[in-house]
Amino acid sequence: MDFSVTVLGNSAALPTRNRNTTAQVVTHNNSIFLLDCGEGTQNRIREYGIRFSKASHIFISHLHGDHYYGLPGLITSLHLYKREQPLTIYAPPGLKPIIELNLNVSQTRLSYPLHIVEVHESDLAIYEDDFIEIKPITMRHRIPCFGYLFSEKKERVNILTDALRDYKIPFDQIESIKSGKDFTHAQGYTIPHEKLVVKRTARRYAFCSDTLFNLDYCKQIQGVDLLYHESTFLEADAEKATERYHCTAKQAATVALHAGVNKLLLGHFSSRYPSEMLFEQEAKAVFEHSIASVEGACYEIG
Ligand SMILES: [Zn+2]
């Protein structure tokens, strides 16, 4: 089952010639979720060939422009495409009147139902389906800000390809074996379930948007397969980072280390630095499995 994140924008407050402000697409099985929607997000969606018509849920971290100014354009384009399926946007309080003003002034009556759901501090899932649940993570920024934790609900059971071949298991038996049953061959002998499958633990992805350095949310994201964490500044500018409620690459790596995650993906890079690799180098000195995100790249989760 596919579980991956594609980075559409990894620049901090200002877009650069080559980089856009924050947006990511998380794909799980056949579902697509958009995380943040900085200016230019819909162009990136087209550029990277993402089938956005399949997306029904958008999660906004906070209401600084570099995280949601792409929404009015995207909402309008979906209307021009005559979308009919509902779209739900999750965001801290304040987004609804902004979007309603846009639609009212332009006298636009959307072709599809648009729901805007306020996110508040909570341990409860704000979204769930048969396969995945999404919970907010409280960040510390100048205004209310949330990260989002994606957790698969069930461990995955996959049939071993060797077993399929060696025991000539018919296609119609696969679901029954996956559900825990043994396989009885046409010749009468039985192969126990445990010999036919491999079990993989449920995977998790944490998206940690703009925040002042703190370790409060480490418990919630403990051991995730992939942590995206903002790293706006380098450590040489740690004072600026604190003043502006942001993190350095070293601080992001400290969070990753403290939370015992498997892999750290860095982003939200300030345009003042000449290369994103500087962030990766700084983070690696603290947490080895750190990578600087690249726009357009798709990162497997788990
Ligand atoms: Zn930002």
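Trainee: Which strands does helix α8 lie across?
Mentor: Helix α8, residues 277-284, lies across β16 and β17. Its direction is at about 170 degrees to that of β17. Keep in mind that this is a predicted model.

Trainee: OK, and what's the strand order in the open sheet?
Mentor: The order is β7-β8-β9-β14-β15-β16-β17, so to speak from one side to the other, with 7 strands and mixed pairing.

Trainee: Which strands stand at the edges?
Mentor: β7 (127-128) and β17 (290-292). Each has a single partner strand, so one side of each has no neighbour in the sheet.

Trainee: How do β15 and β16 run, parallel or antiparallel?
Mentor: Parallel, with 4 bridges joining β15 (residues 226-230) to β16 (residues 264-267). In one of them, L227 is partnered with L264 of β16.

Trainee: And what does helix α7 touch there?
Mentor: Helix α7, residues 249-259, packs on the sheet and touches β15, β16 and β17. The angle between its direction and that of β15 is about 150 degrees.

Trainee: Switching topic: where's P93?
Mentor: P93 is in the loop between β5 (87-91) and α3 (95-105).

Trainee: Is P93 buried or exposed?
Mentor: Exposed, because P93 has 12 C-beta neighbours inside 10 Å, and 12 or fewer counts as exposed. P93 and E118 are 25 residues apart in sequence, yet their C-alpha atoms are 5.2 Å apart.

Trainee: Last one: what domains is the chain divided into?
Mentor: Domain 1 covers 3-155 + 201-300, and domain 2 covers 157-198. Between the C-alpha centres of domain 1 and domain 2 there are 40 Å.

Methods: Residues are numbered from 1 along each chain as its sequence is written. This is a predicted model: local features need pLDDT of at least 70, side-chain atom pairs count only at pLDDT 80 or more; totals for chains, interfaces and linings use all residues. Two strands pair if DSSP finds at least two bridges between them. Helices (H or I, at least four residues) and strands (E, at least two) are DSSP runs, numbered from the N terminus. Two residues are in contact if their C-beta atoms, placed from the backbone, lie within 7 Å. Axes are lines fitted to C-alpha atoms, for helices over the stretch in contact, and angles run from 0 to 180 degrees between N-to-C directions. Domain bounds come from an automatic or database domain assignment. A residue is buried if 20 or more other C-beta atoms lie within 10 Å of its own, exposed if 12 or fewer, and partly exposed in between; C-beta atoms are placed from the backbone.
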